[in-house]
Amino acid sequence: MSDSCAAPDQDAALPASVDIEKETVLTGTVVNDEGELVQGAYVRLLDGSGEFTAEVVTGEGGQFRFFAAPGKWTLRALSRYGDATGEVEADRGLNETKLAVSR
Amino acid sequence: MAREDVLVTADWAEENLDTPGVVFVEVDEDASAYDYGHIKGAVKIDWKDDLQDPIRRDFVNQEQFSQLLSQRGISNDDTVVLYGGNNNWFAAYAYWYFKLYGHEDVKLLDGGRKKWELDARDVTAEVVKREPTNYVAKPLNWDLRAKRDEVEAAIGVKNLIDVRSPDEYAGRLLAPAHLPQEQSQRAGHIPTALSVPWSKAANEDGTFKSEAELRELYVGEAGLDEGKSTIAYCRIGERSSHTWFALRELLGYEDVKNYDGSWTEYGSLVGVPIALGDEPGTK
């Protein structure tokens with residue numbers, strides 16, 4: 001991973017350097033009313049107090065991914081099809097969430 | 001400075017896509033975003049390939065910046081409208097460069113790519129070709145850029161604004177949460193720095209908050225001393241460009257600098273003071 005604030009490709013496989021045993025990964029997909037995967041949705045990660053932490057843009061697979069810490073998080077998706085909010089109680093390892101956006 | 005002097009709305013942009021003398025420039029962290037789709041007529045600047053020196057750890061100099069803009073077909077008297085992803089971090093970073101090198105008329109598209117996409121406005125993958133120009137950048141304006149020694153000397157003297165997330169500020173994380181935590185430099189913040197995450201200056205759709213909301217945020221909530229000079233920093237200088245824009249360009253504070261070395265530099269310096277935890281700490 002580069003030494004930058006750059007947004008990594010959200011559809012790429014997890015880099016080999018990422019240790020799932022140690023990392024807390026929040027991942028999932030954004031879908032619209034029709035159940036289609038939404039590319040170009042903005043997914044925001046908010047911490048336990050509702051404070052903004054990070055934001056990524058979904059790729060072709062409608063996928064997002066954050067590296068965080070165990071605990072309570074809020075996921076907020078914005079898109080041209082509408083918005084969605086999801087609450088996650090994250091543990092170490094992979095934590096998967098589907099966000100269905102609507103107007 | 002009035003908001004409309006430095007920010008344009010998406011509606012204004014749409015009405016001025018073909019206006020002579022107005023050049024749209026997309027600045028991205030992710031170079032493929034532009035190729036997938038951009039605002040009609042917009043040229044691309046890559047924050048890394050185009051704005052960083054390829055060898056030294058520094059950004060492009062006056063001559064390199066002149067060459068870049070000449071090659072992109074931008075003239076000294078053009079109105080340059082910058083926009084990009086990540087809530088305009090990289091566009092704000094480029095805006096700071098345009099000001100550093102003395103460009104007269106430069107603005108940000110409020111909300112950047114995100115607002116444009118959420119509004120479902122048109123984008124195109126059309127290749128944009130502009131005739132090369134002979135752009136002449138002015139010498140770097142050091143009134144806008146802080147270096148490390150100046151930052152250390154500012155501890156307890158000037159306003160220091162740390163715009164990273166609360167966890168990065170406290171030293172619980174070394175990088176934003178969408179990146180793996182593989183950095184090795186020390187965690188924490190510069191003592192006495194106030195924590196005002198960049199994101200608090202923006203609405204959810206990426207547009208900047210109103211001047212009244214911004215003043216309440218920095219002065220009312222965070223305790224910025226309006227009688228003092230200010231230095232903003234983040235991890236590598238992009239997020240702090242966003243805050244620098246809010247403080248200097250929108251709120252009109254005169255002496256505001258961006259410390260582009262930011263935490264990757266400061267957190268690797270030998271012997272400098274570091275504060276851990278949620279409190280600013282003391283000198």
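Is B:Asn87 buried or exposed, going by its C-beta neighbours inside 10 Å? B:Asn87 has 29 such neighbours, so the residue counts as buried. I should say at the outset that what you have in front of you is a predicted model, and everything I describe this morning is computed from that model.

Let me begin with how far the prediction can be trusted. For chain B the mean pLDDT is 94, and 97% of the residues of chain B reach 70 or more. The model as a whole scores an ipTM of 0.77 and a pTM of 0.90. As a general caution, wherever pLDDT is low, the predicted coordinates should not be read in detail.

Now to chain B as a whole, before I return to that asparagine. Chain B contains 11 helices and 9 strands, and its C-alpha atoms fill a box of roughly 55 × 40 × 40 Å when taken along the principal axes. For a chain of 283 residues, a compact globule would be expected to have a radius of gyration near 19 Å, and because chain B comes out at 18 Å, the value agrees with that expectation. Buried residues make up 47% of the 283 residues in chain B, and if we consider the contacts in chain B with a separation of 6 or more, 76% of them are accounted for by residues 24 or more positions apart.

Back, then, to the loop with which I opened. B:Asn87 lies between β4, which covers residues 79-83, and α5 of chain B, and B:Asn88 has its place in the loop between β4 and α5 as well. The backbone of this loop deserves a careful look, because most residues other than glycine have a negative phi. B:Asn87, although it is not a glycine, has a positive phi of about 55°, and for B:Asn88, again a residue other than glycine, phi is positive and near 70°. B:Asn88 is buried too, since 31 other C-beta atoms lie within 10 Å of its own.

The helix that comes after this loop, α5 of chain B, spans residues 89-100, and it packs with α10, residues 239-250 of chain B, at an angle of about 65° and with the two axes 7 Å apart. At that angle α5(B) is therefore roughly perpendicular to α10(B), and the crossing of the two helices is left-handed. On the α5(B) side the contact is made by B:Trp89, B:Ala92, B:Tyr93, B:Tyr95 and B:Trp96, while α10(B) contributes B:Arg239, B:Ser241, B:His242, B:Trp244 and B:Phe245.

One strand residue in chain B is also worth pointing out. B:Val23 is found in strand β2, residues 22-28, and with 22 C-beta neighbours inside 10 Å this valine counts as buried. Setting aside neighbours within four places in sequence, B:Val23 is in contact with B:Val43, B:Ile74, B:Asp78 and B:Val80. B:Val23 and B:Arg72 are 49 residues apart along the chain, and their C-alpha atoms are separated by 10.0 Å.

Let me turn to chain A. Its secondary structure comes to 0 helices and 7 strands, so that the pattern read along the sequence is simply β-β-β-β-β-β-β. Of the 103 residues of chain A, 38% count as buried, and among the contacts between residues at least 6 apart in sequence, 56% join residues at least 24 apart.

Two residues of chain A give a useful pair to look at. A:Val31 sits in strand β1, residues 24-31, and it counts as buried because it has 21 C-beta neighbours inside 10 Å, where the cut-off is 20 or more. Leaving out the neighbours within four places in sequence, A:Val31 is in contact with A:Glu36, A:Leu37, A:Val38, A:Gly62, A:Lys98 and A:Ala100. A:Val31 and A:Tyr81 are 50 residues apart in sequence, with 9.3 Å between their C-alpha atoms.

A:Lys98, which appears in that contact list, lies in strand β7, residues 93-100 of chain A. What is its environment, buried or exposed? A:Lys98 is exposed, because 11 other C-beta atoms lie within 10 Å. With neighbours within four places again left aside, A:Lys98 is in contact with A:Gly28, A:Thr29 and A:Val31. A:Lys98 and A:Asp9, by comparison, are 89 residues apart along the chain, and their C-alpha atoms are separated by 19 Å.

Definitions and conventions. Residues numbered from 1 in each chain as written. Chains lettered and ligands numbered in written order. Predicted model: local features only at pLDDT ≥ 70, side-chain atom pairs only at ≥ 80, totals over all residues. Helix = DSSP H or I, 4+ residues; strand = E, 2+ residues; numbered from the N terminus. Rg over C-alpha atoms; globule rule 2.2 N^0.38 Å. Buried ≥ 20, exposed ≤ 12 C-beta atoms within 10 Å, placed from the backbone. Contact = placed C-beta atoms within 7 Å. pLDDT = per-residue confidence, 0-100. Axes fitted to C-alpha atoms, helices over the stretch in contact; angles between N-to-C directions. Parallel < 35°, antiparallel > 145°, perpendicular 65-115°, else oblique. Left-handed = near helix turned anticlockwise from the far one by under 90°.
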